[in-house]
Amino acid sequence: MSDSVFRRSVVILVVLLSSRSALGQVSYSIPEEMGRGSVVGNIAQDLGLDLKRLKAGKARIYTEDSAEYIELNKERGALLIKEKIDREALCAKVTPCALHFQIILENPMEMYTVTVEITDINDNAPSFQNKEMRFEISESAVTGARFTLERAIDIDVGNNGLQSYSLKPTDHFVLELQSQTDGDKSVEMILQKALDREKQERFTLLLTAVDGGDPVLSGSVKIHVTVLDANDNAPVFTQKRYRATLSENAAKGTKLTTVSATDADEGSSGHITYYMSKTVDSLSDLFAVDQNSGDVFLNGQVDFEKSNHYQLEIQAKDQGGLSDSCKLIVDVLDVNDNTPVINIISKSSSISEEAPPGTVVAMMKVNDPDSGANGRVQCSISENIPFSITSPSSNFFSLRTEQELDRERDSEYNITVLCSDEGVPSLSSSASLHLHVSDVNDNAPVFERRSYEAFVPENNAPGLSIFTVKARDADSKQNARVSYVLEDGSVNGVPVSSYVSVSADGGVVSAARSFDYEQLKDFRFRVRAQDGGSPPLSSNVSVKIQIQDQNDNAPQVLYPVQSGGSVVAEMVPRSADVGYLVTKVVAVDVDSGQNAWLSYKLQKATDRALFEVGAQNGEIRTVRQVTDKDAVKQKLTVVVEDNGQPSRSAVVSINVAVADGFPEVLSELTDVARDKDFNSGLTFYLVLALAAVSILFIFSVIAIVSVKIHRWRQRRLFYESAASLPVIPYYPPAYADGTLQHVYNYEVCGTTDSRMSDLKVARPYSQSSLGRMSRPGTVQRGRGALEEAELTLEQKPPNNDWRLPPNQRPGPSGAGPRPEEAGAGGGTVGGTGPWPNPPTEAEQLQALMAAANASEATATLGPRYNAQYVPDYRQNVYIPGSTATLTANPQQQQMPQQALPPPQALPPSEAPKAAPTPACKKKATKKDKK
């Protein structure tokens with residue numbers, strides 16, 4: 001379609017309502033049947049709005065009904081076609097046809113009314129309701145007879161609507177259009193040439209309806225005419241126009257009026273029947289006509305809001321086919337049968353309590369389909385709330401704040417909007433709005449008291465909780481969270497924070513130190529309460545702390561002055577009478593109140609019957625007459641006691657001299673000084689004796705410790721020296737005759753200190769056990785070695801290495817045959833022969849003396865040798881474990897002694913392991929026996 005078809009006109013009218021809301025009006029004109037997505041107009045440019053404002057304000061379209069033909073594109077700020085618009089379906093014959101909707105913006109709240117007029121295009125051709133029309137006309141019908149034809153329907157409007165009719169052929173009939181009061185035209189077919197049934201009994205005509213659109217559209221219908229015999233008179237209505245009124249809530253069957261027509265003919269030609277012609281506004285569903293009587297009835301339900309005016313065309317026909325027509329105009333009366341409909345366009349769920357008066361909180365549109373007074377609506381809200389409702393334009397209402405809000409007074413509002421029309425009776429509807437008032441930090445914390453005063457006893461413990469200050473904040477949440485701060489200040493030049501502290505959360509005032517009433521009786525400071533708002537608000541309060549006195553000070557004696565170096569005495573003449581004032585004890589107590597009330601009493605006195613003390617004033621007076629028998633030296637002890645709980649006291653000693661002159665007093669004082677010197681000397685000797693005893697005790701402890709250390713060092717020395725002593729094992733031979741059934745090994749380790757000696761008694765050994773026992777080791781004192789099972793050993797003859805040369809063999813030389821001569825063969829090892837001859841007594845004595853030296857240490861711990869175990873030596877003495885023989889021959893004594901073979905490494909011993917002892921180590925060499 002060309003741009004001329006899509007012409008549009010834009011009219012912008014903007015009305016500023018307030019600083020918080022705006023109401024403007026924009027109008028567009030577009031043709032119908034535009035495609036989806038077509039641009040209606042640039043609403044942002046036409047309203048002078050920024051695209052950011054559309055997005056930030058959450059711009060949206062509000063319509064009263066659910067049908068949405070227009071949508072808003074926030075990115076482009078344009079109005080677009082959402083659904084294809086059919087003007088005839090939307091508005092029918094109503095002109096102009098327009099869409100009305102509102103564009104709502106928030107923050108601040110604004111509303112703009114948009115009207116989009118839908119212009120008609122020639123998209124509908126004229127049409128007839130019936131496909132054909134039939135007429136029966138008498139041949140006697142006179143020229144000029146009129147026949148009403150069915151009108152064509154064209155739902156387009158204006159130039160695109162129905163414009164003209166044409167009839168073909170026109171030999172007998174012509175068309176005539178009659179304009180009606182409603183703007184429509186009635187179509188009549190007029191006979192212009194008499195009919196002759198005998199010549200032509202039937203005619204077929206073509207009626208064509210044409211509109212004024214571009215291109216021109218048309219519709220046609222066929223008219224079939226049947227020629228009848230003569231019927232000279234047509235029916236004639238008594239009125240060409242009838243009018244009736246009808247209430248919109250009238251019941252079905254209600255009679256509207258009666259139409260009437262007459263026919264001059266008689267008989268069947270004069271019988272008239274009534275019909276409702278079928279036109280574009282077919283109302284047969286709403287109205288009905290009685291064919292015989294002409295009564296018009298209500299056949300359905302009319303609604304003033306849909307249509308308030310109806311026009312009916314009624315025809316009267318006789319039997320001859322002649323007819324006439326009339327108009328019936330029905331006016332529908334409105335009834336107040338619709339309640340106002342409240343549509344909330346926009347609303348706020350919360351509002352700040354600092355919002356200024358006139359702030360819009362809700363916008364609504366109220367519709368009442370009724371007309372006149374029945375459709376006029378007034379809205380109101382409940383009283384005693386700081387809101388008002390106004391109507392900036394027809395049917396639009398705004399709910400605004402009327403005065404400043406206070407959340408602490410009312411935190412929320414339930415607002416009921418009541419809208420009523422002016423009908424009789426009046427109909428109304430209501431809508432409820434819940435509005436929450438958001439908090440603003442506009443209230444400072446308020447203390448429960450204007451000032452605080454608390455008491456705390458002195459000598460309190462640091463950290464003691466004294467009392468609590470409390471402040472409340474009328475705000476809510478974070479704005480109502482109160483914290484407490486101790487304001488800067490000083491007490492006697494010292495920061496107040498060193499005296500007290502205040503907890504930030506609870507407001508608990510605690511003592512930071514121990515108070516002393518005598519130094520500080522009271523002090524003041526200020527506590528500030530601050531809320532958590534932004535910016536924070538605060539208030540302060542004055543606090544006074546009074547320190548309560550405790551009886552923590554004993555009385556102090558001011559007179560007489562107590563001096564340890566001098567003796568001061570009060571003089572009382574012997575002629576003093578009863579009540580003589582000797583002296584007065586003056587004392588003070590730095591405490592206060594009853595803790596400082598002092599009382600005096602005499603605790604000790606040389607002569608209680610001579611003096612008394614005033615309980616309140618401390619005056620010491622004589623009770624009786626002083627006599628010569630009274631001692632010169634009188635010593636008084638006075639107790640000064642306060643009235644506290646528990647009480648504290650002080651003691652003062654007073655020397656009183658009862659004498660008439662100074663010489664007598666001087667002699668007494670001299671004796672007193674001598675006694676004092678004696679007492680001082682005694683004290684010196686006691687201290688000297690105590691010091692001497694202490695010194696002796698210290699020296700004794702040192703001596704004992706030194707002896708212990710010396711013995712410990714000696715023991716260590718013995719252990720170290722014993723470790724280097726050699727151990728020479730002795731392995732006696734196993735004789736073949738079985739005289740000595742078992743071989744025993746005795747190891748003796750001796751030290752210079754017999755208390756540290758160790759002895760090991762070994763079990764009988766075999767060839768394998770000799771190697772194990774010959775390893776260097778420490779003698780074990782435990783029972784494990786003694787409790788092992790004894791091993792038996794079969795005696796074997798000694799090898800040749802063991803045998804000695806003839807000059808070194810035991811026994812007297814030549815006493816018996818040598819082992820070789822006792823039956824040993826050539827190449828055969830000897831040593832299995834008989835024992836030597838029995839030794840002499842001298843040889844036995846020498847052997848016993850030599851053995852005694854070896855067995856002295858084992859006489860009490862190991863098994864002893866009997867006489868049968870001692871070898872039979874005659875001349876020479878054999879030293880076990882040595883290659884030398886002791887004889888009486890000097891030459892033999894000068895022979896060099898053969899050195900012992902060095903010890904050899906042995907395989908690991910299978911005997912139980914024992915802890916090494918430093919005093920003894922076992923050394924042995926491996927020897928083979930044959």
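Two strands are taken to pair if DSSP finds at least two bridges between them. In this predicted model, strand β5 (residues 70–73) and strand β6 meet that criterion, being joined by 4 bridges and running antiparallel. Within this pairing, Asn73 has Ala78 of β6 as its bridge partner. The two strands form a hairpin with 4 residues between them, and in this hairpin Gly77 adopts a positive phi near 70°. Strand β6 is also joined to strand β3 (residues 39–41), through 2 bridges and again in an antiparallel arrangement. Here the partner of Val39 is Leu80. The side chains of β6 (residues 78–81) alternate in direction: Ala78 and Leu80 point one way, Leu79 and Ile81 point the other way, and all are buried.

For the protein as a whole, 7 helices and 56 strands are assigned. Of its 930 residues, 38% are buried. Among contacts with a separation of 6 or more, 67% are between residues 24 or more positions apart. The exposed area amounts to about 52300 Å², of which carbon and sulfur atoms supply 51%.

A search of the whole structure identified 2 disulfides. One links Cys91 and Cys97, with a distance of 1.7 Å between the sulfur atoms. The torsion about the S-S bond of Cys91 and Cys97 is about 65°, so this disulfide is right-handed. Both Cys91 and Cys97 are buried. The other disulfide is formed by Cys379 and Cys419, whose sulfur atoms lie 2.1 Å apart. For Cys379 and Cys419 the S-S torsion is about 105°, and the disulfide is therefore right-handed. Cys379 belongs to strand β28 (residues 377–381) and Cys419 to strand β31 (residues 412–421), so the pair ties together parts 40 residues apart in sequence. Cys379 counts as buried at 12% relative accessibility, as does Cys419 at 0%. Cys326 is likewise buried, with a relative accessibility of 2%.

Charged side chains were examined next. Side chains of opposite charge can pair when their charged atoms come close. The count of salt bridges comes to 22. One of them joins Arg146 to Glu188, with 2.7 Å between the closest N and O atoms. Arg146 is in strand β10 (residues 146–149) and Glu188 in strand β13 (residues 185–191), so this pair ties together parts that are 42 residues apart in sequence. Arg146 is partly exposed, at 39% relative accessible area, whereas Glu188 is buried, at 13%.

A second salt bridge brings together the side chains of Lys240 and Asp324, at 2.9 Å from N to O. It links distant parts of the chain, 84 residues apart: Lys240 is in the loop between β16 (236–237) and β17 (241–247), and Asp324 is in strand β24 (residues 323–333). Lys240 counts as exposed at 53% relative accessibility, while Asp324 counts as buried at 14%. Strand β24 also holds Lys327, and Glu313 lies in strand β23 (residues 309–317). The side chains of Glu313 and Lys327 form a salt bridge of 3.4 Å, N to O. Both Glu313 and Lys327 are buried. In addition, salt bridges with shared partners connect Arg87, Glu88 and Asp120 in one network.

On the surface, a nonpolar patch of about 780 Å² is made by Ile695, Phe697, Ile698, Phe699, Val701, Ile702, Val705 and Ile709. Of these residues, Ile698 is located in helix α4 (residues 662–722). Ile698 is partly exposed, with a relative accessible area of 48%.

Key
Residues numbered from 1 in each chain as written. Predicted model: local features only at pLDDT ≥ 70, side-chain atom pairs only at ≥ 80, totals over all residues. Heavy atoms only, no water. Disulfide = S-S within 2.5 Å. Buried < 20%, exposed > 50% of the residue type's maximum accessible area, 1.4 Å probe, protein only. Contact = heavy atoms within 4.5 Å. Areas by Shrake-Rupley, 256 points an atom, 1.4 Å probe, with all protein chains shown as cover. Patch = residues over 30% accessible without salt bridge, like charges linked within 9 Å, V, L, I, M, F, W, Y side chains within 5 Å. Salt bridge = Lys/Arg side-chain N within 4 Å of Asp/Glu carboxyl O.
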